[in-house]
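I opened this one with my coffee still warm, meaning to jot down what I looked up as I went along. Here is the structure, followed by my notes.

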Amino acid sequence: MSDILRIRNLDKWYGSYHALRSIELAVADQERIVVCGPSGSGKSSLIRCINGIESFQSGALEVCGIALKPEGGDLTTVRRNVGMVFQQFNLFPHMTVLENCTLAPTTARGMSLKEAQAVAMELLARVRVAEHAHKYPAQLSGGQQQRVAIARALCMKPRLMLFDEPTSALDPEMVKEVLDTMVALAHEGMAMVCVTHEMGFARQVADRVVFMDEGQVLEVAPPAEFFGTPRHPRAQAFLGDLLHA
Ligand SMILES: Nc1ncnc2c1ncn2[C@@H]1O[C@H](COP(=O)(O)OP(=O)(O)OP(=O)(O)O)[C@@H](O)[C@H]1O
């Protein structure tokens, strides 16, 4: 299988702060990666670089064989191939659920409104929120809004989905419905890079777990290995802290 994402020797600074250090990561088509690590370890920065919304200073980043510019902002290429779901849903509040889902396909992909609506309704049904298509985001629960955000990202027919702590802003009772949606997506073969502390999800769907600390990738291992006997002492400490949290 070909790589859908290739990151080589990537470094990122915020001013004088070295946030990402020599990151190397390749993700194959249909592969599921879970990224974990302590707060401030650079997980969001990495995801945001992959999505083209953050710049990086050196190294190379390729999505579907297309190199992203280090200065960021190369959004057309990225939007065609990469869907992103954020912690804070990020739906447009003044648009209905359906309008949220049809905006990018009609503007960035040149789909007709009719076609975009048909695609959106199918995806909204798949994440079980089709009956809310004509409501505004504020009229939905957090879990429903996040499932809409997933459907909205899927409307662009991405080849890779990025998730940045998609369940951490949710009330506990809504976490499962969002994770179930993500598990279903993973089982359908969607390639994903998912920042999450939901280790049950990681065990269930990840092909590999990536552990980051202080801007570095310190360990990459299949879940059975990572959760069994993580090699790096800082990964061991991180998992110990999670268990006692
Ligand atoms: N826009 C920014 N300007 C300056 N520093 C930043 C900026 N964004 C992040 N940082 C710093 O870079 C480091 C990595 O942040 P990042 O958000 O990528 O970590 P994270 O692992 O996702 O953390 P968390 O789990 O808390 O979300 C942190 O020390 C953070 O303070």
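My entries below go from the whole chain to the sheets, then to two loop residues, and end at the ligand.

**Entry 1: how far to trust it**
I reminded myself that this is a predicted model. I looked up the confidence next: the chain averages a pLDDT of 93, and 98% of the residues score at least 70. For the complex, the predictor gives an ipTM of 0.96 and a pTM of 0.94.

**Entry 2: the whole chain**
I counted elements and got nine helices and 10 strands in the chain. The radius of gyration came out at 18 Å, close to the 18 Å that the globule rule gives for 245 residues, so the chain is as compact as a globular protein of that length. I also noted the span of the C-alpha trace along its principal axes, about 50 × 40 × 35 Å.

How many of the 245 residues count as buried? I found 44% of them in that class. I then turned to contacts between residues at least 6 apart in sequence, and 62% of these join residues at least 24 apart.

**Entry 3: the four-stranded sheet**
I traced an open sheet of four strands in the order 2-1-4-5, and its pairing is antiparallel. Which strands sit at its edges? They are strand 2 and strand 5 (66-67), each of which pairs on one side only.

A reminder to myself: strands of a sheet pair through backbone hydrogen bonds, either parallel or antiparallel. I zoomed in on the strand 5 edge, where two bridges join this strand to strand 4, residues 58-63. In that pairing, Glu62 has Ala67 of strand 5 as its bridge partner.

**Entry 4: a hairpin further along**
I moved on to strand 9 (residues 208-213) and strand 10 (residues 216-221), which run antiparallel and are joined by five bridges. Phe211 has its bridge partner in strand 10, namely Glu219. Two residues lie between the strands of this hairpin, and Glu214 takes a positive phi near 50° there.

**Entry 5: two more positive phi values**
I looked at Cys64, where phi is near 50°, a positive value in a residue other than glycine. Where does Cys64 lie? I found this residue in the loop between strand 4 and strand 5, back at the sheet of Entry 3. Cys64 has 18 C-beta neighbours inside 10 Å, which falls short of the 20 needed for buried, so Cys64 counts as partly exposed.

Lys157 also has a positive phi near 50°. Lys157 belongs to the loop between helix 5 (142-154) and strand 7 (160-164). I counted 14 C-beta neighbours inside 10 Å, so Lys157 counts as partly exposed.

**Entry 6: around the ligand**
I listed the residues around the ligand: Tyr14, Tyr17, Ala19, Gly37, Ser39, Gly40, Ser41, Gly42, Lys43, Ser44 and Ser45. Which element gives the largest share of this shell? Helix 1 does, with three residues. Both helix 1 (43-50) and strand 2 (17-28) supply at least two residues of the shell, and strand 2 is also an edge strand of the sheet in Entry 3.

I sorted the shell by class last. There are seven polar residues, three nonpolar ones and one charged.

Terms used
Residues are numbered from 1 along each chain as its sequence is written. This is a predicted model: local features need pLDDT of at least 70, side-chain atom pairs count only at pLDDT 80 or more; totals for chains, interfaces and linings use all residues. A residue is near a molecule or strand if its C-beta atom, placed from the backbone, lies within 6 Å of it. Ala, Val, Leu, Ile, Met, Phe, Trp, Tyr, Cys and Pro count as nonpolar, Asp, Glu, Lys and Arg as charged, and the others, Gly among them, as polar. The radius of gyration is taken over C-alpha atoms; the globule rule is 2.2 Å times the number of residues to the power 0.38. A residue is buried if 20 or more other C-beta atoms lie within 10 Å of its own, exposed if 12 or fewer, and partly exposed in between; C-beta atoms are placed from the backbone. Two residues are in contact if their C-beta atoms, placed from the backbone, lie within 7 Å. Two strands pair if DSSP finds at least two bridges between them. pLDDT is the predictor's confidence in each residue, from 0 to 100.
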